[in-house]
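Me: I'm just starting out with protein structures, and I'd love a close look at one small part of this one. Could you walk me through it step by step?

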Amino acid sequence: MRTRSVVTATLAGLALTAGLGAQAQAQVRTQANPPCYANGDGSLNCGNTAPAKIYSKADWGSPHPEDPPPRVVDTLRSNPSWFKCYVRGDHHSGGNNVWYYTVGDDSNKWGYVPAYSLYTNPDPFPGVRRC
């Protein structure tokens, strides 16, 4: 009987350890991709693919030669990050035309990050206001 109790206790301990391992893995995934949430003022806190480029415009270029092309104005290095609002611009590899407006971490310049750089689903993220 003693052997059976030891085996049962050992199996229970292994199950508990395995459960904690799965929980720890879930925490790592959550930390790697912080969740997104809209704030009461319509802004967004969200995980992203930092470092991410911040552009002067929410587009890839203008068909009008007199317009200057968009340029990288800063870099988003924080994760998660804060976004003031969203705009619709050019389509990007995320399959939509949503860009989020934010301030950069290197020189505090404001600009636009294409939605594919954020862990949002859907875009625009519910509760985030349009700029």
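In which loop is asparagine 108 found?

Reply: Happy to help! Keep in mind that this is a predicted model. Asparagine 108 is found in the loop between strand E7, residues 98-103, and strand E8, which covers residues 110-114.

Let's start with the backbone. Asparagine 108 is not a glycine, and yet its phi is positive, at about 60°. As for its surroundings, asparagine 108 has a relative accessible area of 58%, so it counts as exposed, the cut-off being over 50%.

Now look at the two strands on either side. E7 and E8 form a hairpin, with six residues between them, and asparagine 108 sits in the turn. The two strands pair in the antiparallel sense, over five bridges. To see one place where they face each other, find tyrosine 100, which stands opposite valine 113 in E8.

E7 has a partner in E6 as well. Strand E6, made of residues 85-88, runs antiparallel to E7, and four bridges join the two. Here tyrosine 86 stands opposite tyrosine 100 in E7. Tyrosine 100 is therefore a handy landmark: it has tyrosine 86 opposite it, and valine 113 in E8 opposite it too.

Finally, follow the chain past E8. In the segment after that strand you will meet proline 122. The peptide bond leading to proline 122 from asparagine 121 is cis, with omega near 5°.

Conventions: Residues numbered from 1 in each chain as written. Predicted model: local features only at pLDDT ≥ 70, side-chain atom pairs only at ≥ 80, totals over all residues. Heavy atoms only, no water. Buried < 20%, exposed > 50% of the residue type's maximum accessible area, 1.4 Å probe, protein only.
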